[in-house]
Amino acid sequence: MHTRRDLLNRSAQLAGMLASLGLWPGLAQAQAQAGAYNAAAFEAKSLAEVMKALGGSAPVESKDVSLIGPDIAENGAVVPVAAATTLPGVKCLLLLVEKNPAMLAAVFEPSEAVETHIGTRVKMSQSSPVFAVAMLADGRVLYAVKEIKVTLGGCGG
Amino acid sequence: MKLPPLLAALAALAGLAGTVLAQPGATTAAAAGPAAVTAPSTAPSTADGIAQYRAMLADGNPAELFEAKGEALWQQVRGPKQAALTQCDLGKGPGVVQGAFVELPRWFADTGRVQDLESRLLSCMAQLQGLDAAQIARTPFGQGEQRNLEALVAWIAAASRGLRFQLPQARAEERQAYALGQRAFFYRGGPYDFACATCHGQAGQRVRLQDLPDLTRNPGDGVGFAAWPAYRVSSGELWTMQRRLNDCFRQQRFPYPGFASEVTVALGVYMGVNARGAESVAPGLKR
Amino acid sequence: MADPMRIRAQANGDKTTVRVLMSHEMETGQRKDAAGKLIPAWHIQQVSAALNGKTVLTAQWGPSVAKNPFLQFNLKGAKPGDKVAITWVDNRGERRSDEATVV
Amino acid sequence: MPPLKSWPLLGAAALLLLGCSTPATAPDDAALTARTAQMMVGSFRDEGQAGVNRLQQDAANAACSQAQGALLPAAQAQAIEQAARQSLRWPSDGRFIGDWREGEKLAQNGRGMTWTDKSTAPAANGGSCYNCHQIAPAEISFGTIGPSLARYGRLRGVSDPASPAARAVVEYTWAKLWNAKASNACSAMPRFGHAGLLDEAQLRHLMALLLDPKSPVNQ
């Protein structure tokens, strides 16, 4: 009997092998990009600094972009958030938490094969505005913002 | 603009959310002094917000990562005796996993003890694989062999997901464990005078914003005993019932309960028997 | 080696929802251990998703993505039987790839 | 299983349980009480500041454990309340009211006295108040195990906590914080003064949070 883990291990081994031969595009691309991680953007302390590091223009608030997240997070260690837009020509979708030590949490680069509605979970050190930013092919940078409250929970000890 | 699907789901949910925390703040026997005040009900927005948060996390419980690891560990040949756990008897015969979790803790003839899942796994790891049970029991949670135990617990619990708790009480030892668990549940002590019952003896109460299940009865499907083991968001770890109880006792300002000690198993019997008929959702997802 | 991911890819009409759980500490580099020493940052930096071998999404993550990360996106036009592969690389250069079939 | 520890005071505690319980304990109940004591000793060990001696129960805790949430017989409850009243200590300098800002910090703080806390000194402890009570209206994360304390002073007509008119409310509140069992034998609330969890200065700050007309609680 094969367990799920066996199968997964096998597929991982296969992927690794293909990648080492340069035959598996996903990993090959990730490897190629390993040097392309934008460290400056992930160390930036303000939205302006983030945009500068990513080579974007000044962001403008827009109803065509949404930040989807809860009003209140029961625990700041895991806060579900998504960035979405209905506009075409999206180069990047960004998620940012204003009051975190570094503001930028994630940058997504969706191809045409992926809907521009992408979610993940972030850490929040305290209640904060959270931004979804869409960088478009025409050079426009649009954002939506939502305040997410992080509560103190449990017995606190 | 079109409502993104997740948002639409949340909007639908918001209507339900009010019921989740709708129970009024319980009044205790103690009056609040000369001009006692009734507790104002929580602003609905708070309850809605928390319900919304929980709904957004419900899909994609990281406990799944532990389940996959546990499944592999069950079949992996390990330990001095180079054996798998596939012949481990969890109460329904050697190797039977499905349905075992919702009947634990129970009495086992080979050890002559009432055992919960964690203590039973320790027995199997010792007997079948030759691992040192006492040493594993001493290992801090989330480390070394305890990590493996946590993954096994996640997978074994998941194999009973959707089933209803029906702990056996046929044997005198099992009834005795219930009676002892009940005494332990109401046992007040420590510098704060707390017992389990201080927080979990009445329905409809909260500590901060967290609902406190009434563990003296069946608090409902997937609530209280029927929600553990669970992935704890705050620590990013899989907490077994042993770890849940350990941290309850810490917050209760009690001394340290031994891993799989008699009091922890007895409390498991007390809560599990009270939860008879409740549907298990374990491994759950918790703050 | 890192533990495997859990990938679910569920087709619903012309849309396929992909949900991924990754096993990773995502240590921020801001926390201190019991002895008061700073725990070094250790987190996934890059993620890529491929459909039948063709890259469809890439991402860069900072340390504020939550522990045991979750990723959700929708594929346009994928069919049951198609292969979705996810790869991550962390700041130590460790990587992990897993694959799932669209159902 | 941890080794069985010798615990000389346990016998006394068990006797106390028998002595206090009314109506008369059934024989199997006494046996169960003894087995419970044995289980507790065998199951716990010292860790950090939390020694196994914390399992020893005084008369009040023994009686309230035995009652399992039911009301105690009136005479027994009165005896516990009277003993608690006799243990009350009023502020040594006669001052009841401190700084509500400090009180709010203490009310928010749920730390102290666990085996992971280094110090047992009151300075290391919070009051854990929001765990169980609604207090200042701005804090939405509050528990409901205890009654709401929102507008506590205002609802009780306290416009000047130092005035003779406020005396009864002020003293009642101090007593509640010092030893909640003085007015309710099986109160769920920790005995902050009596058990040495908070010192006089900290209690004064909590008093201010509840009673100072300038405190957000009374806005």
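This is a dialogue on contacts and salt bridges in a predicted model.

Trainee: What makes Arg243(B) and Glu237(B) a salt bridge?

Mentor: Their closest N and O atoms are 3.1 Å apart. The cut-off is 4 Å from a Lys or Arg side-chain nitrogen to an Asp or Glu carboxyl oxygen, so the pair qualifies.

Trainee: Are the two partners, Arg243(B) and Glu237(B), buried or exposed?

Mentor: Arg243(B) is buried, and so is Glu237(B). That class requires under 20% relative accessible area.

Trainee: What is the N to O distance between Arg45(D) and Glu47(D)?

Mentor: Their side chains meet at 2.4 Å, N to O, in a salt bridge.

Trainee: Why is Arg45(D) called partly exposed?

Mentor: Its relative accessible area is 29%. Buried means under 20% and exposed means over 50%, so a value in between is partly exposed. Glu47(D) gets the label too, with 26%.

Trainee: How do you know which class Glu102(D) and Lys105(D) belong to?

Mentor: Glu102(D) has 29% relative accessibility, so Glu102(D) counts as partly exposed. Lys105(D) has 53%, and the exposed class starts over 50%, so Lys105(D) is exposed.

Trainee: What links the side chains of Glu102(D) and Lys105(D)?

Mentor: A salt bridge, at 3.1 Å from N to O. The two residues lie three residues apart in helix α5 (residues 100–108) of chain D, so about one helical turn separates them.

Trainee: How many salt bridges does the structure hold over all chains?

Mentor: The total is 38 over all chains. Between chain B and chain C the count is four.

Trainee: Which helix of chain B gives the most to the side that touches chain C?

Mentor: Helix α3 (residues 63–75), with five residues. That side of chain B divides into six nonpolar, four polar and four charged residues.

Trainee: What makes Glu64(B) and Arg8(C) a salt bridge?

Mentor: Their closest N and O atoms are 4.0 Å apart. The rule asks for within 4 Å, and the pair is counted as a salt bridge. Glu64(B) and Arg8(C) also belong to a network of salt bridges with Asp59(B), Arg6(C) and Arg19(C).

Trainee: How many residues make the contact between chain B and chain C?

Mentor: 14 residues of chain B are in contact with 13 residues of chain C. Contact here means heavy atoms within 4.5 Å.

Trainee: How much area do chain B and chain C bury between them?

Mentor: About 1,000 Å², with 51% of it on carbon and sulfur atoms. On the chain B side, Asp59(B), Glu64(B) and Leu65(B) lose the most area to chain C, together 52% of what that side buries.

Trainee: And how many residue pairs are in polar contact between chain B and chain C?

Mentor: Five, both residues being at pLDDT 80 or more.

Trainee: Which domains is chain D divided into?

Mentor: Domain 1 (4–56) and domain 2 (100–218). Their contact takes five residues from domain 1 and seven residues from domain 2.

Trainee: How much area is buried between domain 1 and domain 2 of chain D?

Mentor: About 410 Å², and carbon and sulfur atoms give 50% of it. Within domain 1, Glu47(D), Gln49(D) and Arg54(D) lose the most area to domain 2, together 86% of what that side buries.

Trainee: How many salt bridges are counted between domain 1 and domain 2 of chain D?

Mentor: Zero. The rule does find three residue pairs in polar contact across that interface, both residues at pLDDT 80 or more. The domain 1 side divides into one nonpolar, two polar and two charged residues.

Technical notes:
Residues are numbered from 1 along each chain as its sequence is written. Chains are lettered from A and ligands numbered from 1 in the order in which they are written. This is a predicted model: local features need pLDDT of at least 70, side-chain atom pairs count only at pLDDT 80 or more; totals for chains, interfaces and linings use all residues. Side-chain values use heavy atoms; hydrogens and water are left out. Buried area is the accessible area (1.4 Å probe) that two parts lose on being put together, summed over both. A polar contact is a pair of N or O atoms within 3.5 Å; within protein, one must be able to donate a hydrogen and the other to accept it, and residues adjacent in sequence count only if both atoms are side-chain atoms. Helices (H or I, at least four residues) and strands (E, at least two) are DSSP runs, numbered from the N terminus. Ala, Val, Leu, Ile, Met, Phe, Trp, Tyr, Cys and Pro count as nonpolar, Asp, Glu, Lys and Arg as charged, and the others, Gly among them, as polar. Buried means under 20% relative accessible area, exposed over 50%, partly exposed in between (1.4 Å probe, protein chains only). Domain bounds come from an automatic or database domain assignment.
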